[in-house]
Amino acid sequence: MPSPSGAWRIGTLLSVCVLVLCLVQPGLAGDETGTGFPFIDNCREQLYMSQLRLTLIKEKVDPINGSEFCFLVTERDNCRQTENRCCNQHFTKIKLYIKGEKCMRSFLPCTVRNDKIGFYRVVSPVPEYATNSIKFTQFGPIDGGQVDGTEVCIRMRSAGGGGMCHSLQDITADENAPNNWFEAALYDKKSSNYECCPTFAFRTNGETTPSESPEPAARSPSPPPPKASPP
């Protein structure tokens, strides 16, 4: 069963935000954007097919010293597609949909850590120019059931170090920028000719949105009609 550590950390971050844009934002389903990201991959991107969830927990915009965007990966136990392996998905890479040529060289290696299981890696970016995406891979796998509480921090070059992109709005793909979306996907390793790749969308304009549509509220039964008066 997933541990509550991820949920605890999200709750803590809601009240401890200092000198950075610390706007805790659970990811919406990626198909909200209509872009089709991650495009050419044969993967299962729908959120109901995976137990993994992604939350933006920090956006530190700092062109002078280098910006940093941190995400928290958590696990849920209500996956609805139990016939495929994605309900117990390993975590091996993260892919971002970005402004290709302009921002590709602004990325530094990211850090991936899970203090609960003593996992820490520094992972180099791998550009994918054909799809305007960048991925960080070969840091796992972190097994399903142990992913909960994993933190991924994307680091950017400073302006003095050649960085041209410093915020999520800067790096998001041209297709997403007018609508203030940023997209990311979490992957396992390909098996049986498909990958698990739940895909998430985040607002880049400070708005927050629920991670999933709420269930419709139950309607109260209508009161019975009044009885007719006797003649």
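I began with residue classes: Ala, Val, Leu, Ile, Met, Phe, Trp, Tyr, Cys and Pro count as nonpolar, Asp, Glu, Lys and Arg as charged, and the others, Gly among them, as polar. I noted that this is a predicted model, in which local features need pLDDT of at least 70 and side-chain atom pairs count only at pLDDT 80 or more, while totals for chains, interfaces and linings use all residues. I also noted that residues are numbered from 1 along each chain as its sequence is written, and that side-chain values use heavy atoms, with hydrogens and water left out.

**Entry 1. The second largest pocket**

I applied the classes to the lining of the second largest pocket and found 6 nonpolar, 7 polar and 4 charged residues. A pocket here is an open set of points on a 1 Å grid over the protein atoms alone, where a 1.4 Å probe fits, with protein on both sides within 12 Å along at least five of seven lines; lining residues have an atom within 4 Å of a point. The lining comprises 17 residues, and Asp-31, Phe-37, Pro-38, Glu-45 and Thr-199 lie nearest the centre of the pocket. I recorded a volume of about 160 Å³, the space filled by probe spheres set on the points, which are joined across faces, edges and corners.

**Entry 2. The chain as a whole**

I looked up the secondary structure and found 3 helices and 14 strands; these are DSSP runs numbered from the N terminus, helices (H or I) of at least four residues and strands (E) of at least two. Of the 231 residues, 48% count as buried, that is, under 20% relative accessible area, with exposed meaning over 50% and partly exposed in between (1.4 Å probe, protein chains only). Among contacts (heavy atoms within 4.5 Å) with a separation of 6 or more, 74% join residues 24 or more positions apart.

**Entry 3. Disulfides**

I searched the whole structure and obtained 4 disulfides, each a pair of cysteine sulfur atoms within 2.5 Å. I examined three pairs.

Cys-43 and Cys-197 have sulfur atoms 2.0 Å apart, and their link is right-handed, with 65° about the S-S bond. Cys-43 lies in strand E3 (residues 43-44) and Cys-197 in the loop between strand E13 (195-196) and strand E14 (199-203), so this pair ties together parts 154 residues apart in sequence. Both cysteines, Cys-43 and Cys-197, are buried.

Cys-70 is joined to Cys-153 at an S to S distance of 2.1 Å. This disulfide is right-handed, because the torsion about its S-S bond is about 110°. It links distant parts of the chain, 83 residues apart: Cys-70 is in strand E5 (residues 68-75) and Cys-153 in strand E11.

Cys-86 and Cys-196 also form a disulfide, with sulfur atoms 2.0 Å apart. The torsion here is about -90°, so the link is left-handed. I placed Cys-86 in the loop between E5 and strand E6 (93-97), and Cys-196 in strand E13, 110 residues away.

I then asked why Cys-110 has no bond to Cys-153. The closest cysteine sulfur, in Cys-153, is 8.5 Å from that of Cys-110, which is too far for a bond. Cys-110 counts as buried, at 0% relative accessibility.

**Entry 4. Gly-144**

I located Gly-144 in the loop between strand E10 (133-136) and strand E11 (150-155). Its relative accessible area is 18%, so Gly-144 is buried. Beyond its neighbours within four places in sequence, Gly-144 is in contact with Gln-51, Glu-75, Asn-88, Gln-89 and His-90. I also noted that Gly-144 and Cys-87 are 8.4 Å apart, C-alpha to C-alpha, and 57 residues apart in sequence.
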